[in-house]
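This briefing concerns the structure displayed below. Its topics are the overall fold, the confidence of the model, the nonpolar core and the surface.

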Amino acid sequence: MSLLSPPHPGFFEVLATRRAYTTLLYLLGSMVTGILTFTYAVTGLSLSLGLAILIIGIPVAVAFLAGARLLSVAEVHLLKALVGADGSEAPALLPAGEGWLTRLKALVGDRRTWTSLLYFVLLLPLGVAYFTLLVTLLITGLALLAVPVLRLLHLGASFTGDLGGIAWITAHPGLAVVLCGLAGLALVPLTFHLALLLGRFQIWLARHLLIRA
């Protein structure tokens, strides 16, 4: 198999795992790469179809499809470097064949050329979803962890008033602080575990659209 998911670490062990942080970096950056690849795929396809009736349309289309294959190779290597996917194989830049004309025909007829474009289109909504979900969870978890620290340093405001109708929080501020700390202590590693699971999904998607297609 060309692209394999690495083993999953323990619950708190994930905080000391380098791959968890690099996977998180990949998922957060996938919003940017998704915007770039989506723009490339949509613009290149539109331009190729628009110029199809002209002679110049042929080299433009060939360059666009070859660029998509190049991006697919770069994406697989990025997954291996940051998400930690195992495997030595990578998608070929151009299909095998004797002579450039044969290889160009294979480029157009190769299913992986078109599934690579599908992957790049899907990368935008997936990247936005990854970024929104992980940033929200990470900020929430760190904020909850900060509550007992700020309370110990006497820097945080006390729990006053009826917070969302939960009156017992104001009656038991110490317990609320402890619960916030425990919730943050659980949420932060859970966020990294979720990032690793999403990284596994991205490896699965790349394996089926960029390599196996």
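Which residues does Tyr 26 touch, not counting residues up to four places away in sequence? In this predicted model, the partners of Tyr 26 are Glu 75, Leu 78, Leu 79, Leu 82, Val 83, Tyr 119, Leu 123 and Gln 202. Tyr 26 is also one of the residues with the most contacts inside the largest nonpolar core, together with Leu 27 and Tyr 119. The points below begin with the whole chain and then turn to individual residues.

**Overall architecture**

- The protein contains 6 helices and 0 strands, and its pattern along the sequence reads α-α-α-α-α-α.
- Of the 213 residues in the protein, 35% are buried.
- Among contacts with a separation of 6 or more, 77% join residues that lie 24 or more positions apart.
- The accessible surface amounts to about 11500 Å², and carbon and sulfur atoms account for 76% of that surface.

**Confidence of the model**

- The mean pLDDT of the protein is 81, and 79% of the residues reach a score of at least 70.
- Among the elements, helix H1 (residues 18-50) has the highest mean pLDDT, at 91, whereas helix H5 (residues 167-171) has the lowest, at 53.
- Residues 160-165 have a pLDDT below 50, and this stretch makes 5 contacts in the model beyond near neighbours in sequence.

**The largest nonpolar core**

- The largest nonpolar core comprises 31 residues.
- At least two residues of this core come from each of H1, helix H2 (57-83), helix H4 (111-152) and helix H6 (173-211).
- The greatest contribution to the core is that of H6, which supplies 11 residues.

**Tyr 119 in helix H4**

- Tyr 119 is located in helix H4.
- Is Tyr 119 buried or exposed? Tyr 119 is classed as buried because its relative accessible area is 1%, which is under the 20% limit for that class.
- Not counting residues up to four places away in sequence, Tyr 119 touches Tyr 26, Glu 75, Leu 79, Gln 202, Leu 205, Ala 206, Leu 209 and Leu 210.
- Glu 75, Leu 79 and Gln 202 are thus contacts of Tyr 119 and also appear among the contacts of Tyr 26.
- Tyr 119 and Gly 34 are 85 residues apart in sequence, with a C-alpha to C-alpha distance of 9.5 Å.

**Gly 127 and Leu 134 in helix H4**

- Gly 127 belongs to helix H4, and with a relative accessible area of 0% this glycine is buried.
- The contacts of Gly 127 are Leu 27, Ser 30 and Met 31, leaving aside residues up to four places away in sequence.
- Between Gly 127 and Ile 35, which are 92 residues apart along the chain, the C-alpha separation is 8.4 Å.
- Leu 134 likewise lies in helix H4, and its relative accessibility of 1% places it in the buried class.
- Leu 134 touches Leu 24, Leu 27, Leu 28, Thr 191, Leu 194, Ala 195 and Leu 198, again not counting residues up to four places away in sequence.
- One of these partners, Leu 28, is 106 residues from Leu 134 along the chain, and the two C-alpha atoms are 7.7 Å apart.
- Leu 27 is touched by Gly 127 and by Leu 134.

**The nonpolar surface patch and helix H6**

- Which residues form the nonpolar patch on the surface? They are Phe 11, Phe 12, Leu 15, Tyr 21, Leu 175, Val 178, Leu 179, Leu 182, Leu 185 and Leu 190.
- Together, the residues of this patch have about 880 Å² of accessible area.
- H6 gives the most to the patch, with 6 residues, just as H6 gives the most to the largest core.
- Leu 179, a member of the patch, is situated in helix H6.
- Leu 179 is partly exposed because its relative accessible area is 38%, a value between the limits of 20% and 50%.
- Ala 183 is also in helix H6 and is partly exposed, with a relative accessible area of 34%.
- The C-alpha atoms of Ala 183 and Leu 142 are 9.8 Å apart, and these residues are 41 residues apart in sequence.

Terms used:
Residues are numbered from 1 along each chain as its sequence is written. This is a predicted model: local features need pLDDT of at least 70, side-chain atom pairs count only at pLDDT 80 or more; totals for chains, interfaces and linings use all residues. Side-chain values use heavy atoms; hydrogens and water are left out. pLDDT is the predictor's confidence in each residue, from 0 to 100. Helices (H or I, at least four residues) and strands (E, at least two) are DSSP runs, numbered from the N terminus. Contact means heavy atoms within 4.5 Å. A nonpolar core is a set of buried Ala, Val, Leu, Ile, Met, Phe, Trp, Tyr and Cys residues joined through side-chain atoms within 4.5 Å. Buried means under 20% relative accessible area, exposed over 50%, partly exposed in between (1.4 Å probe, protein chains only). Patches are made of residues with over 30% relative accessible area and no salt bridge: like charges are joined within 9 Å, nonpolar side chains (Val, Leu, Ile, Met, Phe, Trp, Tyr) within 5 Å. Accessible areas come from the Shrake-Rupley method with a 1.4 Å probe; for residues, only the protein chains shown count as cover. A salt bridge is a side-chain nitrogen of Lys or Arg within 4 Å of a carboxyl oxygen of Asp or Glu.
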